[in-house]
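Subject: Handing over the structure

Hi there,

Here is the structure I promised to pass on to you. Please have a look at it first, and then read on for what turned up.

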Amino acid sequence: AALVDGALWCWGYNSDGAVSRTLRNEHRPVAFPLGGRRATALATGARHTCALLDGTEVWCWGRNHAGQLGDGTATGRLSAVRVAGLDGEPTRLAAGVAFSCAALADGRARCWGGGGNGQLGDGGTESSPAPTTVRLPP
């Protein structure tokens, strides 16, 4: 949950660190440390989480086997990592089983992670650990 004051609280199944910096399941909400920044949007996938911090940058953590954290790797993270290469101002987030997306202020959308079923919207079925541009219809 991203609260009005920008604090982020998470709970639930946590085998990959999507909830807290431990691998312990959290049965009650725990604060996720944001280093003094504010969460203005939040998206949760199957085993990863992404947050829009201070309305300017997307940071993700948890499972990353398909590159769904957007840091250019397939390494899972217990701490948040910045999504590199969004190339625009993110306004909203979405996440699925092994992919993540950001809507940008200029009307574009960018997605990253598993793309085997076309989830990235770029016209292909390849995965990408870095943001790719969604091909929106004219």
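Which residue in β9 does F99 stand opposite? F99 stands opposite G113, and that pair is a handy way into the second of the two sheets described below.

A word on the ground rules before going further. This is a predicted model, in which local features need pLDDT of at least 70 and side-chain atom pairs count only at pLDDT 80 or more, while totals for chains, interfaces and linings use all residues. Residues are numbered from 1 along each chain as its sequence is written, and side-chain values use heavy atoms, with hydrogens and water left out.

**The chain as a whole**

The protein chain has ten strands and zero helices. Here helices (H or I, at least four residues) and strands (E, at least two) are DSSP runs, numbered from the N terminus. Read from that end, the elements go β-β-β-β-β-β-β-β-β-β.

A compact globule of 138 residues would have a radius of gyration near 14 Å, and the protein chain agrees with 14 Å. That radius is taken over C-alpha atoms, and the globule rule is 2.2 Å times the number of residues to the power 0.38. The C-alpha trace spans about 45 × 30 × 20 Å along its principal axes.

Of the 138 residues, 42% are buried; buried means under 20% relative accessible area, exposed over 50% and partly exposed in between, using a 1.4 Å probe and protein chains only. The protein chain exposes about 6,900 Å², with carbon and sulfur atoms supplying 54% of it. These areas come from the Shrake-Rupley method with a 1.4 Å probe, and for residues only the protein chains shown count as cover. Among contacts between residues at least 6 apart in sequence, 35% join residues at least 24 apart, where contact means heavy atoms within 4.5 Å.

**The sheet from β3 to β6**

Four strands form an open, antiparallel sheet in the order β3-β4-β5-β6. Two strands count as paired if DSSP finds at least two bridges between them. At the edges are β3 (39–44) and β6 (77–82), each of which pairs on one side only. From one strand to the next, the twist averages 20 degrees; axes are lines fitted to C-alpha atoms, and angles run from 0 to 180 degrees between N-to-C directions.

Within this sheet, β4 is joined to β5 (residues 57–62) by six bridges, and the two run antiparallel. A residue to click on is T49, in strand β4 (residues 48–53). T49 is buried, at a relative accessible area of 3%, and its bridge partner in β5 is W61. The side chain of T49 also reaches the backbone oxygen of A18 at 2.8 Å. Apart from neighbours within four places in sequence, T49 is in contact with A18, L42, A43, T44, W59, C60 and W61.

**The sheet from β7 to β10**

A second set of four strands forms an open sheet in the order β7-β8-β9-β10, again with antiparallel pairing. Because β7 (90–95) and β10 (128–133) stand at the edges with a single partner strand each, one side of each is left without a neighbour in the sheet. The twist here averages 20 degrees from one strand to the next.

Going across the sheet, the pairings are as follows:

- β7 and β8 (residues 99–104) run antiparallel and are joined by five bridges; C101 in β8 is the bridge partner of A94.
- β8 and β9 are also antiparallel, joined by five bridges. They form a hairpin with four residues between them, and G107 in the turn has a positive phi of about 95 degrees.
- β9 and β10 pair in the antiparallel sense over three bridges, with C111 opposite T132 in β10.

How many residues of strand β9 (residues 109–113) are buried? Five of its five residues are. Both faces are covered, with A109, C111 and G113 on one side and R110 and W112 on the other.

Out in strand β7 you will find T91, which is partly exposed at a relative accessible area of 33%. Leaving aside neighbours within four places in sequence, T91 is in contact with L52, A103, L104 and A105. The C-alpha atoms of T91 and D54 are separated by 11 Å, although the two residues are 37 apart along the chain.

Enjoy exploring the model, and send me any questions.

Best wishes

How values were computed:
A polar contact is a pair of N or O atoms within 3.5 Å; within protein, one must be able to donate a hydrogen and the other to accept it, and residues adjacent in sequence count only if both atoms are side-chain atoms.
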